[in-house]
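Got the model open in your viewer? Keep the selection box handy, and we'll go stop by stop.

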2 protein chains.
Amino acid sequence: MRIWNEGSDIYNELMEVEKYIRKALKTRQSILSKTVQELLDAGGKRLRPALVLLSGQFGDYNRKKLMPIAAGIEILHMATLVHDDIIDDADIRRGIPTVQSKWGKDMAVFTGDFLLTRSFSLITQNVELENMHKLSNVLKAICEGEIDQYQHRYNLDISVNTYLKRIARKTALLFSLSCRVGAEESGCSSRDTWNLWQFGKNVGMAFQIVDDILDFEGDTEIVGKPLMADFASGVFTLPVIYTAQDPYYKKKLKGIVETGRFTHDELKCVQRWVQESGAMDYSKKLANRYITRAINNLKSLPDIPAREYLGDLVMELEKREY
Amino acid sequence: MRIWNEGSDIYNELMEVEKYIRKALKTRQSILSKTVQELLDAGGKRLRPALVLLSGQFGDYNRKKLMPIAAGIEILHMATLVHDDIIDDADIRRGIPTVQSKWGKDMAVFTGDFLLTRSFSLITQNVELENMHKLSNVLKAICEGEIDQYQHRYNLDISVNTYLKRIARKTALLFSLSCRVGAEESGCSSRDTWNLWQFGKNVGMAFQIVDDILDFEGDTEIVGKPLMADFASGVFTLPVIYTAQDPYYKKKLKGIVETGRFTHDELKCVQRWVQESGAMDYSKKLANRYITRAINNLKSLPDIPAREYLGDLVMELEKREY
């Protein structure tokens, strides 16, 4: 039975997490209640809660303890999405209009704040102080990472290393923390905790690279947002960074970037260049390297059903790419 | 010696809080470091930290415990200001350009998020779980209050009661929580804790009403923001609500509000109407009623220097008004 299939153990557990999320986000404020409802209805894979719960199964699995933590981490993730959409001026996310496009930037600011505070509330009530401290640091890093990304918009000179540091903070840290907190709060052995932690990090890196690849070749229907949205808003990701390493393409890219706004035809050109230059292939190779590392982390873990589910999760990622 | 005077006990303690605030907000992210620095340089009375520390002095005063809590609450307040300015499209706050006017809405969103997360970090590490829970609820209420205010913009039909509920959530709750947490974390008697808590609430209500009065008659130099900024952005506060209770003035106000944007002359008219109608006097009376209640709360507390400082704080409020 595959991880997201209806009826699988983890599917049922995630349904339960959903209840915690909905309960935590209850409000009598009429607009807020609507924006939150729309976010919930848009769904999402609930990847981070899955990581918390599956990691917990390598130790002394305590549903009542892990459920609110998993819910809190997902709500935190939702908050960052809502605030991100303000910055990106994004109209669509997960296939539905964003809070900011439908209700305005102002409501998006407050909705994100509301989600942040609810997330803190859930997490602080259930997490050991030590893990709370780690979570705070992760949050600080996420904010710094987002601002870094914002600061380097339209910059063709950023290195692969800078990109990797950025996605580590923006995405991978929360993946790895989800695994780590799930493991530590369930008293996993330090060896298993370490492997789960590394697994989360590697999956997070692969996930973000795949996401960035999909910005150039994904189907809008599947990705749930317009093609090349990141590029159009000046956020240059791995495929572009690789492309710009070739002086021939860098010159071409520069010509387009200097004009400021991108026409549809220009975007189509960029889409061709990232393919032609081999940058897409390089990007996929790098994603696969992280996937391989994640699979190796799994091999070092005890052979329990949770390990198989985590393996499925990695396979989903591979499928998503090609 | 008066409360804010250099050299007073509480002044020195607040200088110490400032160090905690600065330390908590350290970041290597270059832009973030600048926006934060500007916010810190703009200063502020640090009213909420003062309430935490002074309340703590009615019990077993533990500086090391209260300092980070006081700093965390002030940072939380700073976060709400930064995000508020996005909604108000405010250009000036505390006499200096707002983050959003200088760095753009995007940076303001992230700076606010950064402040929020840092505040949580400080508070969770130092507050008892029970108080953390209360703080979470206050935060939820602040968000809901802000959205309520946003939802009711340009609405001349809101009642005084709705207004009072709004400012209770928007301002008074955090004032009262500052007192309560300071008292409880210092093991004050339940009677003193209750009086401090009520004191905070009443001071908070008075503070917000005075603030709303100053929107119509304050000196821009002192208030640190343009005159009638709230009214111009459609946020109708007590003086306008009282004015609109007179059918004669309500008709006049309606005529202006229906046009949407306000000219300078129209704002001048409104400023005259809130005076002529007696609404300003009513508003001042209501502010004074809360001030009287706050003073009564103080009378029930033991006669220690902290009580005198709290009295000074109330007097500052009265002075501010006239």
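Start by selecting Gln125(B): it is partly exposed because 14 other C-beta atoms lie within 10 Å. (Buried takes 20 or more other C-beta atoms within 10 Å of the residue's own, exposed means 12 or fewer, and partly exposed is in between, with C-beta atoms placed from the backbone.) This is a predicted model, so local features need pLDDT of at least 70 and side-chain atom pairs count only at pLDDT 80 or more, while totals for chains, interfaces and linings use all residues. To find your way, number residues from 1 along each chain as its sequence is written, with chains lettered from A and ligands numbered from 1 in the order in which they are written.

Gln125(B) sits in the loop between helix H6 (105-124) and H7 of chain B. (Helices, H or I of at least four residues, and strands, E of at least two, are DSSP runs numbered from the N terminus.) Now show its contacts, meaning residues whose C-beta atoms, placed from the backbone, lie within 7 Å. Neighbours within four places in sequence aside, Gln125(B) is in contact with His133(A) and Pro68(B). Draw a C-alpha to C-alpha distance from Gln125(B) to Lys65(B) as well: 9.7 Å in space, for 60 residues in sequence.

Step along to Asn131(B), in helix H7 (residues 129-151) of chain B. Asn131(B) counts as partly exposed, with 17 C-beta neighbours inside 10 Å. Residues up to four places away in sequence not counted, Asn131(B) touches Val181(B), Glu184(B) and Glu185(B). Its C-alpha is 8.8 Å from that of Arg180(B), and the two are 49 residues apart in sequence.

**Both chains together**

Zoom out and colour by chain. How many residues does each chain bring to the contact? The count is 32 residues from chain A and 32 residues from chain B. On chain A, select helix H2 (30-42), helix H4 (63-88), helix H6 (105-124) and helix H7 (129-151), each of which supplies at least two residues of the side touching chain B. That side of chain A divides into 14 nonpolar, 10 polar and 8 charged residues. (Nonpolar covers Ala, Val, Leu, Ile, Met, Phe, Trp, Tyr, Cys and Pro; charged covers Asp, Glu, Lys and Arg; the others, Gly among them, are polar.)

Next, superpose the copies. A turn of 180° and a shift of 0.0 Å along the axis lays chain A on chain B with an RMSD of 0.0 Å. (The fit is by least squares on the C-alpha atoms of residues with pLDDT of at least 70 in both.) The two copies are therefore related as by a two-fold rotation axis. The same surface serves both copies, with 100% of the contact residues of chain A recurring in chain B.

**Chain A on its own**

Hide chain B and switch to cartoon. You'll see 16 helices and 2 strands in chain A. Of its 322 residues, 52% count as buried.

Select helix H14 (residues 264-276) of chain A. Its 13 residues should span 18 Å at 1.5 Å a residue, and its end C-alpha atoms are 19 Å apart, which agrees. (The expected span is 1.5 Å times one less than the number of residues.) Which residues of H14(A) are buried? They are Val270(A), Trp273(A) and Val274(A). Look down the axis of H14(A): the buried residues fall within an arc of 95°, so they line one face of the helix. (The arc is that of the directions from the helix axis to the C-beta atoms.) The face turned away from the buried side carries the exposed His264(A), Asp265(A) and Arg272(A). Among the elements covering the buried residues of H14(A) are helix H9 (190-217) and helix H15 (279-299) of chain A. After H14(A) comes Gly278(A), with a positive phi near 85°.

**Two positive phi values and a glycine**

Most residues other than glycine have a negative phi. Select Arg46(A), then, whose phi is positive, near 55°. Arg46(A) lies in the loop between H2 and helix H3 (47-56) of chain A, and it is buried, with 24 other C-beta atoms within 10 Å. Met228(A), also not a glycine, has a positive phi of about 60°. Look for Met228(A) in the loop between helix H10 (220-223) and H11 of chain A.

Finish at Gly182(A), in helix H8 (residues 160-184) of chain A. Gly182(A) counts as buried, with 33 C-beta neighbours inside 10 Å. Its C-alpha is 7.4 Å from that of Leu51(A), 131 residues apart along the chain.

Technical notes
Two residues are in contact if their C-beta atoms, placed from the backbone, lie within 7 Å. The expected span of a helix is 1.5 Å times one less than its number of residues.
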